[in-house]
Amino acid sequence: MSTNTYTTPPAANPHSRLRPLRYGIAIAVAAVVVVALIASSLLNYVYLDSIPGRTSLYGLLAVALIALGTYIGVRAFTRDRASRRKHLIRAGVLLGLGTLLWLLVIDVFVFTQSAGPGVAALCALACLPTTAFGLLVVRRMDRNEKEPWRLVLVAAAWGAIVATSLVIWGETLWDQTTQRLLVPGPGLDAASAFSAGLLEELAKGTAVVLLFLVMRNDFDDVVDGIVYGAAVGLGFNFMESVAYMTNLFAVFNPEGFGWYAAGFQWYGRQVLGLFFGHATYTAFIGAGLGVARQLPKKRQKAFAIISGFLIAIAAHFSWDAWVTFFPIDSTLFGLVEIHLRTLIMTGPFTAAVIALLLFGIRYEAMGLVDQMQKEAATGSGTILPEEIPILASPWRRLKQRLAAFRRGGLPAYFKVARLQSAQLDLAMERWHRERQEIDAPLEAEEALRQRLIELRHWVPA
Amino acid sequence: MRSVAFDQTSVTLTTRGQSIRLSPCVTTEAYDQILTLYRTLLVFATVAGVILAVGLVEFVYFEPPGQTSGARARIVGVFEYDPASGQLVGSDRASFTRNQAFAAKVSWLGLPGDITVDARWYDTFGNVVGRVGPSTPSKLGDNSIVPVVVPPGLHHNLPGHYTFVVERLQNGVPVEVLARRIVLVER
């Protein structure tokens, strides 16, 4: 077996029963999503005859292109180097076409009819840097083994495009039905909040579930789950911000304060609510899946996953249902009230996610250090005893990379970074193997060791 | 002769004629920290369950089951409205432009005299933008026209769907919609 042609360890144990089952579930979930999207689009178009309905129908092709491009792109990294480039180009073309088509659909059928394409573009541009900042922060939260950008971006893209498309029909139908049946007021607000919490979190959570099922090697624990979940939430928040900003601009512009209304939305959703809103809610779903990843019993796994969804739905519900109980004054004190409201209503949930994250990081670090010590004790030369304190600390790892940069410039910096990353990968692989929660064969671990030894030759002492 | 056999969880002492198996009183298995995370998650999920239950109670309080009195109010129509004269203009319509004032006309006749009712307009954001009542139908007899009021600071109505409802109240809380109309204010 040639290890040089593989970028990741060779295929997992062909006799494992876990893999086909996992992939089977993933295919079933994906099929349900596709059927739901098609049905939603057709029903919207036929029965609602509204702008979102048309968007949903014409956007279907864009969603299909993005889904296909995403699949090819993600799988490209598990192929050999020779064919990877070809698959990445295919994925890039499909993703580009899908994105352009989606933007066109949005511009033409939604925002052009209300605020115009220029306003829509400006709103999207305003939300891009903040969302990018959010993704950067979320990815960096994983201090020991950062998730690949391609998966973080896939998660965000799902949240922005697929999840928003999935909920249009359900929420519209729910709202139209309840508006005709219920007494307006807090009861109706509660009903709408149940709909938003349930439908939106299920739509966003599907992305995290698919990542959990398909990309198991990049979904290690609770920390990874929180990162992916928050990324999906940030993507959803991006699209929702653009939609609300353009809509409110169109509503209030004839009164002379369209930009004020849009700017207020931008601040509320992209600054104040960047981490407090959707990112927090969906992070709980990821946390549940991440904990389930490492639990030994099926019953515990099921409880953990259900718990993640339940917390996300409740957190989302509480904001939507009870935000009207915290009215904002139109005085200067209103500015303070807005911040206090977010802090009081969503703060406890965000604090709970941070607590899970910190505990997860600590737990992961303990496991990795233990495995690094065991690997160093083998004398294989992949991890040296004196390297363990450095590898265990993100700051010391950074200092080591900077020292390499001073010695040999950027190439040396990246070589050391690759070495550190591979060492942590090996420790992670060992950790999962010791816990019996991995279906990759021992040869995969050997391939990692081989790669590490090669990297060590390249890195100057 | 004495032999000692070890396995992972117990020690067996064997002497002539007897064999004693000694089990440790404290488990030697290390506590897996993932269980702490799992239990924390379960605690959070319990709190989440309480939140959703409170939401359900809130829903039932404001939307109590079995509140069907059988009474039905009649909305004569929604018309363009002249605020200066307080009169309705033209015919019943389902949509208006932003700068058109409009109002609903309600017939209180036929409603039981002992119930408390009101009539309200809700704008697309769920704000009350016009109201008559609460009172008994007989006392509201003269107040049959319910106009939409432009909110302070605005020049025209905001676009979107406006919902007009005639509600029955109990202890000050609306518990039943006796009639409903939805109209559109165009962009």
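I'll start with a single pair of residues: B:Ala103 stands opposite B:Pro147, the latter in strand 10 of chain B. Keep in mind that everything here comes from a predicted model.

That pair belongs to a longer arrangement. Strand 7 and strand 10 of chain B, the latter covering residues 145-147, run antiparallel and are joined by three bridges. Strand 7 also pairs with strand 4, residues 74-82 of chain B, again in the antiparallel sense, here over six bridges. One of the pairs puts B:Phe102 of strand 7 with B:Glu80 as its bridge partner. How many of the six residues of strand 7 are buried? Five of them are, so to speak, under cover: strand 7, residues 102-107 of chain B, is mostly covered.

Now the other sheet I want to show. Five strands of chain B form an open sheet, in the order 6-12-11-8-9, with mixed pairing. Its edges are strand 6, at 95-96, and strand 9, at 128-135, each of which pairs on one side only. At the strand 6 edge, the neighbour is strand 12, residues 173-185 of chain B, and the two pair in the parallel sense over two bridges. Within that pairing, B:Ser95 stands opposite B:Leu184 of strand 12.

Stepping back to chain B as a whole, there are 12 strands and one helix. In sequence order the pattern is β-β-β-α-β-β-β-β-β-β-β-β-β. The chain has 187 residues, and 39% of them are buried. Of the contacts in chain B with a separation of 6 or more, 51% are between residues 24 or more positions apart. Chain B exposes about 10600 Å², with 56% of that supplied by carbon and sulfur atoms.

Next, the helix. Helix 1 of chain B takes in residues 34-62, which is 29 residues. At 1.5 Å a residue it should span 42 Å, and its end C-alpha atoms are 42 Å apart, so the expected and modelled lengths agree.

Which residues of helix 1 in chain B are buried? The list includes B:Ile34, B:Leu37, B:Tyr38, B:Leu41, B:Ala45, B:Ala48, B:Ile51, B:Leu52, B:Gly55 and B:Glu58. As a reminder on reading such a list, an α-helix has 3.6 residues a turn, so residues three or four places apart point the same way.

What do these buried residues pack against? Their partners are in chain A: helix 6 (186-214), helix 7 (222-252), helix 9 (278-294), helix 10 (298-322) and helix 12 (347-378).

That brings me to chain A, and to its cysteines. The count of disulfides over all chains is zero. A:Cys123 is in none, and the nearest cysteine sulfur, that of A:Cys127, lies 6.7 Å away. Why is there no bond from A:Cys127? Because the closest cysteine sulfur, in A:Cys123, is 6.7 Å from its own, which is too far; the cut-off for a disulfide is 2.5 Å. Both residues are covered: A:Cys123 counts as buried at 1% relative accessibility, and A:Cys127 is buried with a relative accessible area of 0%.

Last, confidence. Chain A has a mean pLDDT of 83, and 86% of its residues reach 70 or more. Over residues 1-17 of chain A, pLDDT stays under 50, and the model has 26 contacts beyond four places in sequence for that stretch. Where pLDDT is low, the predicted coordinates should not be read in detail.

Terms used: Residues numbered from 1 in each chain as written. Chains lettered and ligands numbered in written order. Predicted model: local features only at pLDDT ≥ 70, side-chain atom pairs only at ≥ 80, totals over all residues. Heavy atoms only, no water. Buried < 20%, exposed > 50% of the residue type's maximum accessible area, 1.4 Å probe, protein only. Helix = DSSP H or I, 4+ residues; strand = E, 2+ residues; numbered from the N terminus. Contact = heavy atoms within 4.5 Å. Areas by Shrake-Rupley, 256 points an atom, 1.4 Å probe, with all protein chains shown as cover. Expected span 1.5 Å × (residues − 1). pLDDT = per-residue confidence, 0-100. Pairing = 2+ DSSP bridges.
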